[in-house]
Amino acid sequence: MKNRQLLFGAAYYPEYLPYDREEQDFQMMRRAGMNVIRIAESTWSTLEPQDGRFCFSLLDRTLQRAQQAGLQVILGTPTYAIPPWLAKKHPEFLVVTEKGQAHYGHRQLMDLANPDFRFYAERVIRALLAHAAKHPAVIGFQLDNETKHYHTASVWVQRLFRSYLMQKFHTPQQLNRAFGLAYWSNAIEDWNDFPDMRGCVNAGLACEFDRFRRSLAADYLKWQAELVNAYKRPAQFIVHNFDFEWKTFGTPPAPDGYSYGVQPDINHLEASAALTVCGADIYHPTQDKLTGAEIAFCGDSTRCLKQKNYLVCETQAQAFPAWTPYPGQLRLQAYSHLATGANGMLYWHWGTTYNGVETYWRGLLGQDYAENPPYREACVIGREWEHLGDKLYGLQKNNRIALVVDTLSLHALRWFPTGKELSYNDVVRWMYDALYTENMECDVVDIHGLDFSRYHMLVVPALYCASEETLEKLDQFVNAGGVLVSSFRSFVADEQLSVWADTPPHRLARCFGMHYCQYTLPHNVTLQGEPVLDWMELLVPDSAETVAQYTHPVWGAYAGITRAKYGTGTAYYIGCHTTEKLLKSVFAQAAEDAGLTAEIPQTSFPVILRSGSTAGGERWHYLLHYSRQSRQWCCAYPRVKDLLTNQVFCRGETVPLAAWDVRILQDVPEQNS
Amino acid sequence: MKNRQLLFGAAYYPEYLPYDREEQDFQMMRRAGMNVIRIAESTWSTLEPQDGRFCFSLLDRTLQRAQQAGLQVILGTPTYAIPPWLAKKHPEFLVVTEKGQAHYGHRQLMDLANPDFRFYAERVIRALLAHAAKHPAVIGFQLDNETKHYHTASVWVQRLFRSYLMQKFHTPQQLNRAFGLAYWSNAIEDWNDFPDMRGCVNAGLACEFDRFRRSLAADYLKWQAELVNAYKRPAQFIVHNFDFEWKTFGTPPAPDGYSYGVQPDINHLEASAALTVCGADIYHPTQDKLTGAEIAFCGDSTRCLKQKNYLVCETQAQAFPAWTPYPGQLRLQAYSHLATGANGMLYWHWGTTYNGVETYWRGLLGQDYAENPPYREACVIGREWEHLGDKLYGLQKNNRIALVVDTLSLHALRWFPTGKELSYNDVVRWMYDALYTENMECDVVDIHGLDFSRYHMLVVPALYCASEETLEKLDQFVNAGGVLVSSFRSFVADEQLSVWADTPPHRLARCFGMHYCQYTLPHNVTLQGEPVLDWMELLVPDSAETVAQYTHPVWGAYAGITRAKYGTGTAYYIGCHTTEKLLKSVFAQAAEDAGLTAEIPQTSFPVILRSGSTAGGERWHYLLHYSRQSRQWCCAYPRVKDLLTNQVFCRGETVPLAAWDVRILQDVPEQNS
Amino acid sequence: MKNRQLLFGAAYYPEYLPYDREEQDFQMMRRAGMNVIRIAESTWSTLEPQDGRFCFSLLDRTLQRAQQAGLQVILGTPTYAIPPWLAKKHPEFLVVTEKGQAHYGHRQLMDLANPDFRFYAERVIRALLAHAAKHPAVIGFQLDNETKHYHTASVWVQRLFRSYLMQKFHTPQQLNRAFGLAYWSNAIEDWNDFPDMRGCVNAGLACEFDRFRRSLAADYLKWQAELVNAYKRPAQFIVHNFDFEWKTFGTPPAPDGYSYGVQPDINHLEASAALTVCGADIYHPTQDKLTGAEIAFCGDSTRCLKQKNYLVCETQAQAFPAWTPYPGQLRLQAYSHLATGANGMLYWHWGTTYNGVETYWRGLLGQDYAENPPYREACVIGREWEHLGDKLYGLQKNNRIALVVDTLSLHALRWFPTGKELSYNDVVRWMYDALYTENMECDVVDIHGLDFSRYHMLVVPALYCASEETLEKLDQFVNAGGVLVSSFRSFVADEQLSVWADTPPHRLARCFGMHYCQYTLPHNVTLQGEPVLDWMELLVPDSAETVAQYTHPVWGAYAGITRAKYGTGTAYYIGCHTTEKLLKSVFAQAAEDAGLTAEIPQTSFPVILRSGSTAGGERWHYLLHYSRQSRQWCCAYPRVKDLLTNQVFCRGETVPLAAWDVRILQDVPEQNS
């Protein structure tokens, strides 16, 4: 990877092409300013067409031509889809879940904990790497593809889980106590009686099983990383393309959906330990529904895994029929990734497949592989990046606000939902999107990786379960001057999902200066004239002040939002799902308490500002215009220069914004620029 | 059980508590005026942690402390949830249904007909009873918990079913004829060819299988009762907590629902033979949706199983988040149970569980087990009951109206629904609720337990299938002066679901004085200006008069409701699903025909009046106010005294009613009280 | 079958009757003018009650009485529902599908490719035919019943499929290439590695499997026909009752639905080779929703299988509760069948069953088998047909428009839907219904049976996949003067569902004079002021003119409908799902291009005109009035005589039409009639 070069490219599958067109493709890529392709992931049946017989001729051709064309290569391990011969030889590799055993066909349906499967996976990875890792075009490796645990519940996995529990809880009695297994007669006295997890209805134990399986998936990536390490050059990176919870609507075989929130089936923080560079796959609505929120969320969260710049391994060019981009949108998206800290972006994928199940999921090119509007827009991006890449590379963030997320709480809320339609990620996105649209930049941090000392303000959506230790840290954070804003359904239970046995919010009752002993669902309830949308805890302020009181004949006796001074900090508790408007007013007040108001641009969506610094200390502001209307923006910075046009704007001057426009503003000295 | 003492208490699970707090709990109970707890049901894994090893120390402690605290105990047999060791040792005990075999985890998933399972169930029941039955605190026993057949379709059960059919029908040919098995080539000539019932599409045979399985469940309770009888003192009672069809909405894992109507999977009448006291579990909407209708329906039906007072084994304190009660509602509910003939009521449950799958299903206390508004309201109830219990105990009803229900017709309407959204229980509740809201008190009686001589008026919702003998009795009932009000879809088929081969309504055509040969679904059809909601039979009056004629360009030629004089009685037939308003007008007319008008209070919902007599011959009227508005009620009785306030009201005087208010009015002599 | 006699009758099941009433039934039939019954299909368990023991006494009685009553008989082979003894002896006959193995009970659940099953099926067919085929009452045979492949995916079927692929593609490599199996690592190198098709996610291969299974079903009918041929007299016909894709709404156990479009699970054209007469089963909405469109579609498509008159083997009398016919509708339906080329019609069924799962699916009579309004209307039909049958028999069509359908494209669109709610058959019906309601009579022709030379205008809904050869023929058709009207999503892929690798519409780009490289879903897009309903291809006219341009800020740059002169013909391409109104305007213009305007009556729905000629050269116009309103129709023919009333109407004269009226107008000479 060339120094400080933004990566720009696409996933490329010569295996799927009905005729050889690599040379034209690579020339088209180069004309578009692309510099990288990702290959080989998912091509196991091509690389190893029969048990133990390897075939690298196609790969060699691709590598050679890529090198000739000046394209760099990210080489994927091919393990996320298994070949037919393997399924035939080892039918037991097909994943067994709560729903029975998978039939061969789909990707991502193997029991990745099966040690016999590991034998075959290792053999093909080693063969591939021994053959190609050292090729000069190869700049890095992608491990597998969007790895998750696939709900594996084989006898093998269940045995591992029991061993894990034996190690963690030592005796059946301690296990019973930790999860309250006496309930519905589920307690055991002998580890041999530990039952099949597929019917488990103890929410805590079921979530522990999910957590264990997330670790299996993370271990699998770690194991692959160790294999790669044995072959790679030091400069070559190891990346994985994390994906996010998919918000699905519509029905099979072609449901719609997009990258929505925290991933349930692998923990990104845990799995990122195996990587040298974090990567993400990001898919989101476009056309009139393009807001940039998903790009920002996914970036803010991937960047924080290692507090380092990251790579967008996959994102859409055209994708779903409904997502055909408007002119300008591809370019706006590309800069939005950079504005969030990406060091590059690859489309999934270059052209569109002719076969399989995704022929409607269009790449940059259609099945005709001819120039088209998206390609022409990619050429604009590529040319600008060739020109500016060195400057835009490695944007540094120093956010003072963190949104705190937790995979375990995600699962807990599936068992104990706050309402019919409100999932954990709905709460996360409710809070994140309010910050995003108000240009309050934040980190998105896993509770288990949170460095409290970095932040002035923590936003905590529905942290249903947390350890005493975490609660203690949150208490100290506020006590020491931090600002904490928590939603409803936080601090309910410990990490085994055992509800705390004292008055909620348990250990944080002093910090929040309030308690509650009842909750209900709203029906004709308002809060400051705004409807209460879902869930409501009946808050009783102790030392806290009431920010908003419910309006209702009966529940009017209770507070809906409280604010408490605690030590030198402030703690807000939002006891119900409010409108966005009300939430934003709380955030504004909290930011003021945190002393952050000056740093927050006084503009809001559809004008998005995202800032950062370069290694050289320059400060950039990406001005991203998420609207089909053109508009005038009043410059809020003392003096900035637009990197793309070299125009200079001073505070109060009018900055014209076209539909889906982008400007990159650099702070320049106020007088002698 | 102390003489004439209303039972008031809660289910109590020390097994589920993370720390010992029995002594505080029992003191809190006593402070609330509670006098009973229900324990041990669902705790098999605690009582018998390993195969054949019993552990009663926790039970002993609880019994001892209960006795010390002056609490009586209902001891449950622990069989409704099996322990892991048993599922591990006998995986075949896990129920096999149409959907396959259950995985261990949930309650109520065993094949209760399996004789090997019975061995283990008997062993634990005997061990428990031998140990604890004679304890002085124990006043009675609950058999199992909400027992049903769990759709068991094991090889074992299918073999029993075939034997049952062989006994009932003697030859394959008679079986074929009874169910019309020639249809779709399902006839058999040899009992050995009798097919797997899991694929059965002969509605009659499938319903017979369900009926058979209901008997298995009833037999299971009878078998448990025999075990209990071997240990119990004569004064100790045997109860079971029957539950009702659950009206579900929402989706797993946390669907909403409530006790709605006739139970499909066990027949209460059949199963009640095993009991000395009938019990019920009642859950219903609250807040603005609290109407008392479910309390009344469940009570009117449980009371009639033995025409005796009954026990509410479980009902909600706080329960679902949406059900957090308004102030006054718990008290109103408690008196509503007494007004229907309950002799006591236990909350499910005392405190809320910390684990499992029901942490959101709140008991009287939350997980903090601290005093809260529901507890404080329970204290009011408890104090009043301590004071008044002797007077309120044993309310006697002498209703002249019966609503006739039938489990088989419930299942028949699942196969042959009257419309997309109208189940059997919808028809039942349509008719019951119209009676309830008009204060026309009724018994709810299983057709197989109906004593025709008790009643002046029978209301028959959708009695799809009935024997010739039943039809004959109905005919005689009307002929001899009774008033019969039947809905559509009654008298269609015999008890094998064979549709009668003559013109409907078959044997009752003379009684109803009408016939019909077609039916359809309404589309822009009205009846006396009210829309026809669902289903419509095209009635042709013969000797009957037309109560209401359809309004429609084509169907206007037919009647929708008819009324016939027959013998000295009257028979109404309602051929379609009408509005509530129209139904009520039919009921009013029918009550007049039955000479009942004078007995029916001239007031209606939300003011509910339910009356009865005491053993001493006093007459009580429970005045139940189901509204958040306060109002003035005009006293309709000559002279009554409010038992709770000692106020006296005469006819025409104003009785003030607060929101969710209760008054208990005793008839007192008009002049010298 | 008497010469030129319209068949009129019903399916008849003495096996299902609780008592013998054949003699009354046959007399009632004769009184209604009926002349045929269909018997024996689905009665295997009656004909062969035990393995190898046959019983024809009931059959003999029925045949004898039918003959005595002057009724002709269509004898069905009894194989579509298997008897219990067979399922017990050979559980492996029960079909294994993607969802597992069926339980016995339902009809149509056997693996019809299983050679052992064929042994039993052959034995019962031969026994039946040897016994009864020669009976003088028997005029023909129906093979099986609504045969389809039942999604059979047994080991046996999968092995056959692999053999078929081996024959078709010779090497695994060619198979891989044809379907692009490298995608997701599905390629094989050894036929032994060919995977279980039940998990297949390669849309092309899965569709090939469906196609193969359709052939299995067709072969099964062919095999039955060969058996029948060995026994039948030359004059006896062989028919099969094809059914159509069932449009389902509502939920089990009693979902609604009706015959909607192209059948997915057997190919009618392929299967019709086994028959001497084609038959169809037609069920459709009635009452206010009766339009005749389903009758017309099913007839236009069944007639074209052999370009010969056909038989309506089953259609509704009363059927679903919602379908109770209005007075006049049964008669209107009967003539609508004749107007489309039927030579007869049998109700399903005579009376209504007492048992099973279809007691709500009413025949002409109810379960009381008494005269009722539908029966009395059948008597009218029967009398008229006895009188006119000779004249109405054998109506000949000479349509110049064909609507081209394709089962493979139907399946392809399931994998690659054009939108959430728009299936292949929705597109078919969108186009067909627009033709129908505008009285543009058309043939409905399978693309594999299309004789291009017959037609002036081809209408092509969503022909997603077609061979190069087909595309070439379409190109030549236009070039030589034909008019082609294609919808969106046509010409996308080859017959393995491989998307064409050049710019769409591939080989037809010159013909249509346009191309496109993008498509999307409409959101606030209009076309000539009408909303675009679903899907939109962004058309770029080359030699074509733009018929309609999208109105949208971005997509306004593209055409939505184009029209090109090509050779001496014209080609229309409709790139999106438009309103009916816009589609009709395109059809009108296309018909003008095709020189057909003069032939199309200038009247439209609810007045339907369907014309044809007799063998003797007379020309008939069926005037069908699909409305509950009476109206005056202005005669559009020079001079016609109403066959039913003998009234004569000249052009411009008023023809009165009552609700649901029928007139049969014969062209008569303008002056000397």
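How many Å separate the centres of domain 2 of chain A and domain 3 of chain A? Taken over C-alpha atoms, the separation of those two centres is 34 Å. This is a predicted model, in which local features need pLDDT of at least 70, side-chain atom pairs count only at pLDDT 80 or more, and totals for chains, interfaces and linings use all residues. Residues are numbered from 1 along each chain as its sequence is written, while chains are lettered from A and ligands numbered from 1 in the order in which they are written. Here is a friendly tour, topic by topic.

**Domains of chain A**

- The domain assignment places domain 1 at 236-394, domain 2 at 401-595 and domain 3 at 607-667 of chain A; such bounds come from an automatic or database domain assignment.
- From its UniProt record, an unreviewed entry, comes the feature "domain: Beta-galactosidase trimerisation" at residues 400-596 of chain A. UniProt positions are given in the numbering used here, feature names are shortened, and annotations may be inferred rather than shown by experiment.
- Over residues 400-596 of chain A, helix makes up 27% and strand 30%, and the end C-alpha atoms of this stretch lie 8 Å apart. Helices (H or I, at least four residues) and strands (E, at least two) are DSSP runs, numbered from the N terminus.

**How the chains are related**

- Chain C is superposed on chain A by a rotation of 120° with 0.0 Å of shift along its axis, at an RMSD of 0.0 Å. That is the relation of a three-fold axis.
- A turn of 120° with a shift of 0.0 Å along the axis likewise lays chain A on chain B, with an RMSD of 0.0 Å. Superposition here is by least squares on the C-alpha atoms of residues with pLDDT of at least 70 in both copies.

**Where the chains touch**

- Between chains A and B, the contact takes 42 residues from chain A and 48 residues from chain B. Two residues are in contact if their C-beta atoms, placed from the backbone, lie within 7 Å.
- On the side of chain A that touches chain B, the elements giving two or more residues are α8 (203-229), α13 (407-415) and β17 (514-520) of chain A. β17(A) gives the most, with 4 residues.
- By class, that side of chain A has 23 nonpolar, 11 polar and 8 charged residues. Ala, Val, Leu, Ile, Met, Phe, Trp, Tyr, Cys and Pro count as nonpolar, Asp, Glu, Lys and Arg as charged, and the others, Gly among them, as polar.
- Between chains C and A, 42 residues of chain C are in contact with 47 residues of chain A. β17(C) supplies the largest share of the side of chain C that touches chain A, with 4 residues.

**The closed barrel**

- In chain A, 8 strands form a closed barrel in the order β1-β2-β3-β6-β7-β10-β11-β12, with parallel pairing. Two strands pair if DSSP finds at least two bridges between them.
- Neighbouring strands of this sheet are turned by 25° against each other on average, direction ignored.
- Within the barrel, β10 (residues 277-282) and β11 (residues 310-316) of chain A run parallel and are joined by 4 bridges. A:Ile282 stands opposite A:Thr315 in β11(A).
- Helix α10 (residues 293-303) of chain A lies across β7 (237-242), β10, β11 and β12 (342-348) of chain A, at about 160° to β10(A). Axes are lines fitted to C-alpha atoms, for helices over the stretch in contact, and angles run from 0 to 180 degrees between N-to-C directions.

**The open sheet**

- An open sheet of 5 strands in chain A has the order β25-β26-β31-β28-β29, with antiparallel pairing. β25 and β29 (648-650) of chain A stand at the edges with a single partner strand each, so one side of each is left without a neighbour in the sheet.
- The twist of this sheet averages 30° from one strand to the next.
- β28 (residues 639-642) and β31 (residues 662-667) of chain A pair in the antiparallel sense over 3 bridges, and A:Asp642 has A:Leu665 in β31(A) as its bridge partner.
- Helix α11 (residues 329-339) of chain A lies across β25, β26 (619-625) and β31 of chain A, running at about 145° to β26(A).

**Backbone details worth a look**

- Most residues other than glycine have a negative phi, and most peptide bonds are trans.
- A cis peptide bond, with omega about 10°, joins A:Phe605 and A:Pro606; A:Pro606 lies in the loop between α17 (580-593) and β25 (607-613) of chain A.
- The peptide bond from C:Trp348 to C:His349 is also cis, with omega near -5°, and C:His349 is found in the loop between β12 (342-348) and α12 (373-392) of chain C.
- B:His170 has a positive phi, near 65°, and is found in the loop between α6 (155-169) and α7 (172-179) of chain B.
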